[in-house]
Amino acid sequence: MPRDGSSCIRAVVRVRPLLPSEISRGEEACCEVKDATNLLIRSAEAGKWRQYTFDACLPSDRTQKQVFQESGVINLLDAAIDGYAGTVLAYGQTGSGKTHTILGQAIDGSARREDAGRLDEGLVMRSAKRLFRKISNHSRGENPGDGGDDPTSFSISASFTEIYNAPGAVNECISDLLAPTSGNLQVRHSQKHGFFISDLQEIQCHSAADVRAVLEAGVQNRRVGSTQLNRDSSRSHALFTLRIDSRTPSVSSSNDSPAMDGSPPSATAVNAPTRRYGKLTFVDLAGSERLKESLAEGHRAKEAQAINKSLFTLGNVISHLSQGKNQQHVPYRDSKLTQLLQESFGGGALCLMVPLSLGAEVTCLNPGASFWEESSNSLNYAQKAMSIRNRPVVRLDEQQQIVQNLKLENANLKRELEAYRARFGRVAGSVDDAPDTPGTMRGLAAATSGSMQANPQSAPTSEDPTLFDRRQEQQQLQQQQQQQQ
């Protein structure tokens, strides 16, 4: 959730521990978590420490469960249940632990189900389990403020897609990981939905086990490759989306508002069913890498170049938005990745960025001293992202959205009217002065009539408009004759 009730992107940094292979090479940690919100990083050249401040800093001893509890994903999930759109984005160099954080070790495409593997479940599966527990509580009326009558019904669906660079392709390609034979999908744009992927398959999920099955089926088809830096390097950006559609049945309630003519309020009013369309997207970005270190060749090298270009475009969008200039052009259309993330960066979604170090960003860091520059770049982008302000809104049914907008406009007009009354006072003797009928149309009518009596020239007349036009023409002719004389 946005910190302090604002709509800024939340940034959480996670530092992974050194691997045995890195320790054997004599690597030393260049990152140190100072406290809950501050991180120190040491440059290999100057040997100086630089401090960064984020919403949360998670040291290397944090378990997957602690990351889920402390990163803010739980608040983001609760907001998605209420109808908001949220994004959890893992960002960092290759080998920093992004896929492990998002998917966990239990989702590796194999058939094994050891209990030890389940302890390392990522943010996706932990969110799915909490989601269905919350839904179960809703159906039993156990949530605060829910009386148990007319429970809210939910419909959960999941989709899984990746953005990659195909051999010989100039632009990025999009593949449906749940239907890999569907070919290259296209990104479309509409005024109502913004950017979206056309013909993307969505699977209905009735339990957390269904979400796990969808996740494992997609991981089987995801593109991975081996490099010098990472044996199982993700060669694509993966987007896993949980759509949470809810419907609250109509209820009868008392209408406390007076009628337009000041008569007493009606006894009951029937509200239309409320439909909300929340969603939570988990983005596992491919890691940035240097060819001289990854030793990638051939198609792997072209993949690395395409990944770096895509991440550079995302960084360019973050830099433009962090400057806070509303009139400048933001290059969303330079990449399919930035098109699909437009709602998360500067749009109407909540975002959590994890620079493996929501819309929160999770930044993932490689603690090795030889990777201090890549880690520093990841942290710089995360700090810029924290200054981006989104405009999160509840995603309602189209007709209900119109009603909601009219209610907001009505509330704004009431506040404006009260401000004028506080400044200029009320008209003496108006019905609006009565304590039991504040803000009625009768009061406005009385105020209007009083002002017309005070200024008779402003009162409307029933004079024929044609006579008025003729009189104006006669006056103009008289002025012209006077000027000629």
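**Exercise 1. Locate serine 376 in this predicted model, and determine whether the residue is buried or exposed.**

*Solution.* Serine 376 lies in helix 11, which covers residues 372–385. The relative accessible area of serine 376 is 11%. The cut-off for a buried residue is under 20%, and serine 376 is therefore classed as buried. Beyond residues up to four places away in sequence, serine 376 touches Ile41 and Tyr52. With tyrosine 52 there is also a polar contact between side chains, at 3.1 Å.

**Exercise 2. Describe the sheet with the strand order 2-3-4, and state which strands form its edges.**

*Solution.* The sheet is open, has three strands and pairs them in antiparallel fashion. Strand 2 (31–33) and strand 4 (49–53) are the edge strands, each pairing on one side only. On average, and with direction ignored, neighbouring strands are turned by 25° against each other. Strand 3 (residues 38–42) is joined to strand 4 by five bridges. Arginine 42 stands opposite tryptophan 49 of strand 4.

**Exercise 3. Characterise the surroundings of glycine 347.**

*Solution.* Glycine 347 belongs to the loop that connects helix 10 (336–340) with strand 18 (350–355). Its relative accessible area is 11%; because this value is under 20%, glycine 347 counts as buried. Neighbours within four places in sequence aside, glycine 347 is in contact with Gln342, Asn390, Arg391 and Pro392. A separation of 9.8 Å is found between the C-alpha atoms of glycine 347 and glycine 194, which are 153 residues apart along the chain.

**Exercise 4. Test the spans of helix 7 and helix 12 against the rise of 1.5 Å a residue.**

*Solution.* Helix 7 (residues 208–221) has 14 residues and should span 20 Å; the end C-alpha atoms lie 21 Å apart, which agrees. Buried residues of helix 7 include Val211, Leu215 and Val219. Helix 12 (residues 398–424) has 27 residues, and its reach of 39 Å from first to last C-alpha is close to the expected 39 Å. Glycine 425 follows helix 12 and has a positive phi, near 80°.

**Exercise 5. Identify which residues touch the most other members of the largest nonpolar core.**

*Solution.* This core contains 44 residues, and those touching the most other members are Val88, Ile156, Phe240 and Phe282. Apart from it lies another core, of 29 residues, including Tyr91, Ile163, Phe195 and Val283. For isoleucine 156, contacts beyond four places in sequence include Leu131, Phe132, Ile203, Leu242 and Ile244. Gln204 and Arg243 are also among the contacts of isoleucine 156.

Note on methods. Residues numbered from 1 in each chain as written. Predicted model: local features only at pLDDT ≥ 70, side-chain atom pairs only at ≥ 80, totals over all residues. Heavy atoms only, no water. Helix = DSSP H or I, 4+ residues; strand = E, 2+ residues; numbered from the N terminus. Expected span 1.5 Å × (residues − 1). Buried < 20%, exposed > 50% of the residue type's maximum accessible area, 1.4 Å probe, protein only. Polar contact = N/O pair within 3.5 Å; in protein donor to acceptor, adjacent residues only side chain to side chain. Contact = heavy atoms within 4.5 Å. Core = buried A, V, L, I, M, F, W, Y, C linked by side-chain atoms within 4.5 Å. Pairing = 2+ DSSP bridges. Axes fitted to C-alpha atoms, helices over the stretch in contact; angles between N-to-C directions.
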